[in-house]
Amino acid sequence: GPYIFQYGVKVIFQSVHLLWKLMCREPAAYIFLQNPPGLPAIAVCWFVGCLCGSKLVIDWHNYGYSIMGLVHGPSHRLVLLAKWYEKLCGRLSHLNLCVTNSMREDLAENWGIKAVTVYDKPASFFKETPLDLQHQLFMKLGCTYSAFKARSERLDPATERSAFTERDCQSGVVTYLRGRPALLISSTSWTEDEDFSILLAALEKFEQLILDGESLPSLVCVITGKGPLKEYYGGLINQKCFQHIQVCTPWLEAEDYPLLLGSADLGVCLHKSSSGLDLPMKVVDMFGCCLPVCAVNFQCLHELVKHEENGLVFEDSEELAAQLQMLFSKFPDSAGKLNQFRKNLRESEQLRWDESWKQRVLPLLM
């Protein structure tokens, strides 16, 4: 049926289901709701709070209407209705949290909502991966994805080898392979707010630099996640005829994702906020693993990515290609820019999620 009918049925079903689930639980002092999605959750949670004496806390990560606008356009009736709903119901909460100072200012000026900025922090399991665990992960992924397999046959049967590492089976010692490829990772939900054609164009330019004789490593580019545009971009990737670059698009098990981030050499973020006011959680997780990042620029990105300190900010594929050339020009030299960024991240002593909660949020509820 038409979109408006589909949305209507979905909202009714979700309202009834959420109301039933909340009413079947023991009444709580607080109901925490992350927005988006807030339609219909904000109204339902507020209603349950009125019945049970619970206070509603909204954690603003973005605006739901702005995400809908990526698909339907900002002036679509459904988008305007969603915006009106968020503005109206957002004022019903007892406490509001948000993820950037820019969003806090926007909520105050344009929505009449007073919020407290609480930056996202990585969970404790996002950390650098020890070399032996890297090898185990690469061998495991190599069973399914050729990009992680050794490039040549083993000459020594007592050595176990992946594309990046080798392990002496007698001593158990793991070392990096000489001349190994660089491991570049990006994660995505394959939606309209991430333009992966930028990365593909940059990789083409990087490949051409290698063909022209530049001293650069080959690349393994891993793009994790699943979503509506994965098939579209998969078709574009299959059209590329790379000689020195392998692009892999796996769906990882939950426990393997932080291990892979902690094993990578560089992260790339193509998230462009639909509102311009939220920050990409994937970069937060990468920083938790002390992984330097190249991120596409938008309004409030500076609140997370510090250019030339913990990573680089780019505007287009040309600039990204130049950054890849610069960062990998001395790979894997420990004196290179890439390792300087990693050192800065190690020394920054980032708060973890539970520590941030205790310091920033818990006092607001006491």
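Here are a few friendly notes on helix α2 and its surroundings in this predicted model.

1. Let's start with the helix itself. Helix α2 covers residues 41-52, twelve residues in total. From its first C-alpha to its last it reaches 16 Å, close to the 16 Å expected at 1.5 Å a residue.

2. Next, the inward side. Ala41, Ile42, Val44, Cys45, Val48 and Gly49 are the buried residues of α2. Looking down the helix axis, these buried residues fall within an arc of 165°, so they line one face of α2. As background, an α-helix has 3.6 residues a turn, so residues three or four places apart point the same way.

3. What do the buried residues of α2 pack against? Their partners are two helices, α1 (3-23) and α4 (77-90), along with the strands β1 (30-35) and β2 (55-60).

4. Now turn the helix around. Cys50 and Leu51 are exposed on the other side of α2. Leu51 also belongs to a nonpolar surface patch, together with Met23, Trp46, Phe47 and Leu92. The accessible area of these residues together is about 460 Å².

5. Which element gives the patch its largest share? That is α2, with three residues. Met23, another member of the patch, sits in helix α1. Met23 is partly exposed rather than fully so, because its relative accessible area is 38% and the exposed class begins over 50%.

6. One last detail for anyone tracing the backbone: Gly53, just after α2, takes a positive phi of about 80°.

Methods. Residues are numbered from 1 along each chain as its sequence is written. This is a predicted model: local features need pLDDT of at least 70, side-chain atom pairs count only at pLDDT 80 or more; totals for chains, interfaces and linings use all residues. Side-chain values use heavy atoms; hydrogens and water are left out. Helices (H or I, at least four residues) and strands (E, at least two) are DSSP runs, numbered from the N terminus. The expected span of a helix is 1.5 Å times one less than its number of residues. Buried means under 20% relative accessible area, exposed over 50%, partly exposed in between (1.4 Å probe, protein chains only). The arc is that of the directions from the helix axis to the C-beta atoms. Contact means heavy atoms within 4.5 Å. Patches are made of residues with over 30% relative accessible area and no salt bridge: like charges are joined within 9 Å, nonpolar side chains (Val, Leu, Ile, Met, Phe, Trp, Tyr) within 5 Å. Accessible areas come from the Shrake-Rupley method with a 1.4 Å probe; for residues, only the protein chains shown count as cover. A salt bridge is a side-chain nitrogen of Lys or Arg within 4 Å of a carboxyl oxygen of Asp or Glu.
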